[in-house]
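User: I'm new to protein structures and would love a close look at one part of this one. Could you walk me through how its open sheet is put together, and then show me a little of what else is there?

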Amino acid sequence: ACAPAIAAPPGPAFGDLLDTRRIGAHAFIKAHPDWDGRGAVVAVLDTGVDMGVQGLRTTSDGRPKVILVRDFSGQGAITLSSAERVTEGGVLLLKNDEVTVRGIEKLGKPAKGDFLLGVIRESAFRNSEVTDLNGNNATNDEFAILTAETPEGWVAWIDLQGDLDVADAVRVDSFEKRQQSFTFPMRSPTTERPPITMALHIEEGGSLVELCFDDGGHGTHVAGIAAGHALMGRDGFDGVAPGAQVISLKIGDNTLAGGSTTSDSMRKALEFAGQYSVEHDTVVVANVSYGIGSEGEGQSDIDVAVDEIMVRFPHLVVAVSAGNEGPGISTVGTPAGSRLATAAAAMLPKESAETLFGSRIGRDQIFMFSSRGGESAKPDVLAPGVASSSTPRWDSGDIKGGTSMAAPQNTGADTHLASHAARRRLADLRPA
């Protein structure tokens, strides 16, 4: 939960735009430049992460920032199926029950089997913040997508022009292979919104593709606070842990009100993050700036599931937002009631109040909306709950506030500790 505001004013110290001083991160990096998140991974469970924006392209030491994308919301799921090659009017076509395309001869014959065929429909983006993918002032376009098995694995081809002619389709690998992203070309000079960055994950077998994107803006903002580097292209304008890499685990379906998610989506995403920590022998800090009210704090199914997952995966750390239901007591939501997850409340630093809102206050304050404990000893920490941070190019509101913005501060702090531990472990393993 967050509220957008106007674009950040130019010129002030970056610490007033995104305050990393209150939690000690700025001083920590100054004393230990190499312990800025390197060696750890931040998993952003949110509306998605736009890996094409400035600030989320590289880490502080030049590595790719976003290294893996998955969609657990189901919003970006595209099902493909086998298709028949037919000739009509002397033109070779590839067709199945969903779509018919031409130009298939230009792609050649796959090394194994034949193409699977599906379609990306703009109509599936109804109610989203982004409904016109190619900026032609229509929301009913269709874009063909094909997959095939190559010697390098499963690959996709996308009809970005939306003319169902795949002769000029763009080849796209599963994102984890080489961090490839794409945008749909804007068709109208009167289009006001820039394009949305997309990437995809191809399931083994090629019959399911997950389109991964941020059509809510929330996840990209959160990622920038936790781990952004050179936000908005400004050297020195960093998130809390600029050396950390990011995996985007989309749980929010932005065709639903507020980018809603489900407990099952959140659980599966956390299990994926935990399994990643095992397979890559690294600490993963999962940021969950999501939640709803809870009648019994710590007793909901997802609260219990978070605890169980953290026990199963000891290298998984979970940082969550406490909720924006304050100032009444016992207003901490779920999954913030999880016993093992760290729940963050939101504060307003006095410098940020003046820089971001033009309001002079005598001291730091707790935001009134920040949820309070009562039945449980939550929240666990207090962190700045407002910042200017990265947003998708179509989203002009780079200032957002809420406990959603406090949680990634805590995520970044946890990542610092993981980075320090990783560096210490490497030092211990070096020969004397």
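**A walk along the open sheet**

Analyst: Happy to! Let's start with one pair of strands: β11, covering residues 153–158, is joined to β12 by four bridges, and the two run antiparallel. Keep in mind that this is a predicted model. Within this pair, W157 stands opposite R171, which belongs to β12.

Now step back to the whole sheet. It is an open sheet of five strands, in the order β5-β9-β10-β11-β12, and the pairing is antiparallel. At the edges you find β5 (81–82) and β12 (170–173); each has a single partner strand, so one side of each is left without a neighbour in the sheet. As background, strands of a sheet pair through backbone hydrogen bonds, either parallel or antiparallel.

Away from the sheet, have a look at helix α4, residues 218–227. Ten of its ten residues are buried, so the helix is largely enclosed by the rest of the structure. Among these buried residues are H218, H221, V222 and I225.

Finally, find the second largest pocket, with a volume of about 240 Å³. It is lined by 14 residues, and those closest to its centre are T20, H26, G236, D238 and G239. Two elements, α1 (14–17) and α2 (25–31), give two or more residues to this lining. The largest share, four residues, comes from α2. Sorted by class, the lining has six nonpolar, five polar and three charged residues.

Terms used: Residues numbered from 1 in each chain as written. Predicted model: local features only at pLDDT ≥ 70, side-chain atom pairs only at ≥ 80, totals over all residues. Heavy atoms only, no water. 1 Å grid on protein atoms, 1.4 Å probe; cavity = no way out; pocket = protein on both sides within 12 Å on 5 of 7 lines; lining within 4 Å. Points joined across faces, edges and corners; volume = space filled by probe spheres on them. Nonpolar A, V, L, I, M, F, W, Y, C, P; charged D, E, K, R; others polar. Pairing = 2+ DSSP bridges. Buried < 20%, exposed > 50% of the residue type's maximum accessible area, 1.4 Å probe, protein only.
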